[in-house]
Amino acid sequence: MNLAADVYELTGSFPREEMFGMTSQMRRASVSVAANIAEGFGRQQTRSFIQFLRISQGSLKEVETLVLLAGRVGLASGEPVERLMARCQRIGKMLVGLIRKLDLKEDRR
């Protein structure tokens, strides 16, 4: 959820003409990361949870790509881009670790 909050903060400074372009896409993708984790957990089935965690990974990669693109086209730069990319990397590592742990748990059944 912190990732989504950071993305909302960053995109708040984007030009108005980006409201239905980059701003909307970045916000939806960042919200999707947390929402898919929550939805998968709510299913109360390990296999389903893993599937939703993998969907979150895809959304996270989308956020990373959009943050880098925002930097390339001059919508964002410097510390905000670096901070978001670092947060994405940390979240990505956590997702990989959780998926591995849950996969091992399922394999032991």
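Let me start with Ala86, which counts as partly exposed because its relative accessibility is 28%. This residue sits in helix H4, the element that spans residues 79-107, and I should say at once that everything I describe today comes from a predicted model. If we set Ala86 beside Arg28, the two are 58 residues apart in sequence, while their C-alpha atoms are 19 Å apart in space.

Staying with helix H4, I would like to turn to how it packs against another helix. In general, a pair of packed helices is described by the angle between the two axes together with the distance between those axes. For H1, which covers residues 2-11, and H4, the angle is about 160° and the axes are 10 Å apart. Since angles over 145 degrees count as roughly antiparallel, that value makes H1 roughly antiparallel to H4. The crossing in which H1 passes H4 is left-handed.

Which residues make the contact? On the H1 side they are Asn2, Leu3, Asp6, Val7, Glu9 and Leu10, and on the H4 side they are Pro80, Arg83, Leu84, Arg87, Cys88 and Ile91. Sorted by class, this contact of H1 with H4 has seven nonpolar residues, one polar residue and four charged residues.

Arg83, which we have just met on the H4 side of that contact, also takes part in a salt bridge with Glu79, where the closest N and O atoms are 3.3 Å apart. Both Arg83 and Glu79 belong to helix H4, and they are four residues apart, which is about one turn of the helix. As for accessibility, Arg83 is partly exposed because its relative accessible area is 30%, and Glu79 is likewise partly exposed, with a relative accessible area of 49%. Elsewhere, Arg47, Arg54 and Asp103 are joined into one network by salt bridges that share partners.

How many salt bridges are there by this rule? The count comes to six, and I will go through two others of them in a little detail.

One is formed by Glu64 and Lys61, whose side chains meet at 3.2 Å, N to O. Glu64 and Lys61 are three residues apart in helix H3, residues 46-72, and so they are separated by about one helical turn. Is each partner buried or exposed? Glu64 is buried, because its relative accessible area is 12% and the cut-off for buried is under 20%, whereas Lys61 counts as exposed at 51% relative accessibility, the cut-off there being over 50%.

Another salt bridge joins Glu39 to Arg43, with the closest N and O atoms 2.7 Å apart. Here Glu39 counts as partly exposed at 37% relative accessibility, and Arg43 counts as partly exposed at 43%.

Finally, let me come to Ser30, which lies in helix H2, residues 22-42. Ser30 is buried, because its relative accessible area is 1%. What is Ser30 in contact with, once its neighbours within four places in sequence are left aside? The residues are Leu3, Ala4, Val7 and Val63. Leu3 and Val7 have already appeared in this talk, as residues of H1 that take part in the contact with H4, and that is where I will stop.

Definitions and conventions
Residues numbered from 1 in each chain as written. Predicted model: local features only at pLDDT ≥ 70, side-chain atom pairs only at ≥ 80, totals over all residues. Heavy atoms only, no water. Helix = DSSP H or I, 4+ residues; strand = E, 2+ residues; numbered from the N terminus. Buried < 20%, exposed > 50% of the residue type's maximum accessible area, 1.4 Å probe, protein only. Salt bridge = Lys/Arg side-chain N within 4 Å of Asp/Glu carboxyl O. Axes fitted to C-alpha atoms, helices over the stretch in contact; angles between N-to-C directions. Parallel < 35°, antiparallel > 145°, perpendicular 65-115°, else oblique. Left-handed = near helix turned anticlockwise from the far one by under 90°. Contact = heavy atoms within 4.5 Å. Nonpolar A, V, L, I, M, F, W, Y, C, P; charged D, E, K, R; others polar.
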